[in-house]
Amino acid sequence: MSDDVLIRCRSLTRTYRRGEVEITPLKDLDLDIDRGEFLALMGPSGSGKTTLLNLLGGIDRPTSGSLHVDGEAVHTLSRSALAAWRARTIGYIFQLYNLVPVLTAYENVELPLLLRPLNRRQRHERVASALDLVGLADRHDHTPRQLSGGQEQRVAIARAIVTEPRLLLADEPTGDLDRESAEQVMNLLDRLNTELGQTIVMVTHDVKIAARSHRTLLLEKGKLVTEVVP
Ligand SMILES: Nc1ncnc2c1ncn2[C@@H]1O[C@H](COP(=O)(O)OP(=O)(O)O)[C@@H](O)[C@H]1O
Ligand SMILES: [Mg+2]
C-alpha cells in the first residue's frame, strides 16, 4: 500500500437482512482515498452513502470485503477493538449535530477526551483550542439550545477534531443549515483540510458544496458510477 493512500476498500459489501428480505446497500466497492484528500460523496437517497461512511468510520462492519485505514485491517477487528480504533482514529460530524443537550459547548467538546489519559488541564488546553479554531471561544458555557444551528455544527466539528483524528467523516454536514451557516461550515472544513492536512470524506446533496472538495464520487444503488474530477 502506497504511503499516500490512507483508506483502501476492496470489494466492500454490506448486506442487511430483515426476516426473509436481504438488501445490499453497498456492493463490491473498490476505493482508495489519499492522505490529505477532501472527498465528496453524492448520490440519490438510499444509494448507500451513509452505509459507506459508517463502514469507513467503524460504526458498522462490512459483510464481506476489506477495509484498510493507515495500514490497519479494520475489517478484521473484533467489536471491542473496533470501538477502541474508532475512538482514536475517527472524527464524525452528523447532519443534526448530535450534541448532548444538557451539556455546555465546552463539555460536549470535552466528552471524547474523557476516554484519554489526560488530566483536566491538558483537556482544557485541547478543548479551548478546538473551540477557538471553530470561532466559538466566547461560547464555552452555552448549551446547544442557546446556539444557532450553524454554531451547533461548529461545536460538533470542534468535538470531532479535538482528538486529532486521522480521518474526519461528515454526513451531510450542511444539510440542515441556511446558506450563510453552510458557508461558514464549509470554510472551516476547507481550513482543516488545507491548513491542518485533515483527510475528509463528506456526504452531500449539494453540487456547490461538493465542488469545494478535491474529488466527487457518485454512488448509485451501492455502486460507484462516476468519478467527477473538477
Ligand atoms: N441498519 C440497517 N438495517 C437495514 N437496512 C438498512 C440499515 N441501514 C441502511 N439500510 C438500508 O440501506 C439502504 C441505503 O441506506 P443509506 O446508506 O442510509 O443511504 P443514503 O445515505 O445514501 O441515503 C437503504 O435502503 C436503507 O434503508
Ligand atoms: Mg444518508
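1. Leaving aside neighbours within four places in sequence, which residues is D60 in contact with? In this predicted model, the residues that D60 contacts under that condition are R14, Y16, N54 and L55. D60 itself sits in the loop that runs between α1 and β4, the latter covering residues 64-69. Two of these contacts can be described at the level of polar atoms: the side chain of D60 makes a polar contact of 2.9 Å with the side chain of R14, and a polar contact of 2.9 Å also joins the side chains of D60 and Y16. D60 counts as buried because its relative accessible area is 15%, which is under the 20% cut-off used for that label.

2. Y16 also leads to the ligand, since that residue belongs to the surroundings of ligand 1, along with R18, I23, P25, P44, S45, G46, S47, G48, K49, T50 and T51. Sorted by class, this shell has four nonpolar, six polar and two charged residues. Three polar pairs with oxygen atoms of the ligand deserve a look in the viewer: a polar backbone atom of G46 is 2.7 Å from an oxygen atom of ligand 1, a backbone N or O atom of S47 lies 3.1 Å from an oxygen atom of ligand 1, and an N or O atom in the side chain of T51 is 2.6 Å from an oxygen atom of ligand 1. Taken alone, ligand 1 exposes 560 Å², and the protein buries 62% of that area.

3. As to where the shell comes from in the fold, the elements that give two or more residues to it are β1 (5-18), β2 (21-34) and α1 (49-56). Among the contributors, α1 gives the most, with three residues. Helix α1 is mostly covered, seven of its eight residues being buried; these buried residues are K49, T51, L52, L53, N54, L55 and L56. N54 and L55 have already appeared as contacts of D60, while K49 and T51 are also part of the surroundings of ligand 1. Just after α1, G58 takes a positive phi of about 70°, a backbone detail worth checking alongside the helix.

4. A further position for attention is T89, which lies in helix α2, residues 79-89. T89 counts as buried because its relative accessibility is 0%. The side chain of T89 reaches back to the backbone oxygen of W85 at 2.6 Å. Not counting residues up to four places away in sequence, T89 touches V69, P165, R166 and L167.

5. For the protein overall, the model contains seven helices and ten strands. The radius of gyration is 18 Å, and this agrees with the compact-globule expectation, because a compact globule with 230 residues would have a value near 17 Å. Along its principal axes, the C-alpha trace spans about 50 × 40 × 40 Å. Of the 230 residues, 48% count as buried, and the protein exposes about 11400 Å², of which carbon and sulfur atoms supply 48%. Among contacts with a separation of 6 or more, residues 24 or more positions apart account for 69%.

Notes: Residues are numbered from 1 along each chain as its sequence is written. Chains are lettered from A and ligands numbered from 1 in the order in which they are written. This is a predicted model: local features need pLDDT of at least 70, side-chain atom pairs count only at pLDDT 80 or more; totals for chains, interfaces and linings use all residues. Side-chain values use heavy atoms; hydrogens and water are left out. A residue is near a molecule or strand if one of its heavy atoms lies within 4 Å of it. A polar contact is a pair of N or O atoms within 3.5 Å; within protein, one must be able to donate a hydrogen and the other to accept it, and residues adjacent in sequence count only if both atoms are side-chain atoms. Accessible areas come from the Shrake-Rupley method with a 1.4 Å probe; for residues, only the protein chains shown count as cover. Helices (H or I, at least four residues) and strands (E, at least two) are DSSP runs, numbered from the N terminus. Ala, Val, Leu, Ile, Met, Phe, Trp, Tyr, Cys and Pro count as nonpolar, Asp, Glu, Lys and Arg as charged, and the others, Gly among them, as polar. Buried means under 20% relative accessible area, exposed over 50%, partly exposed in between (1.4 Å probe, protein chains only). Contact means heavy atoms within 4.5 Å. The radius of gyration is taken over C-alpha atoms; the globule rule is 2.2 Å times the number of residues to the power 0.38.
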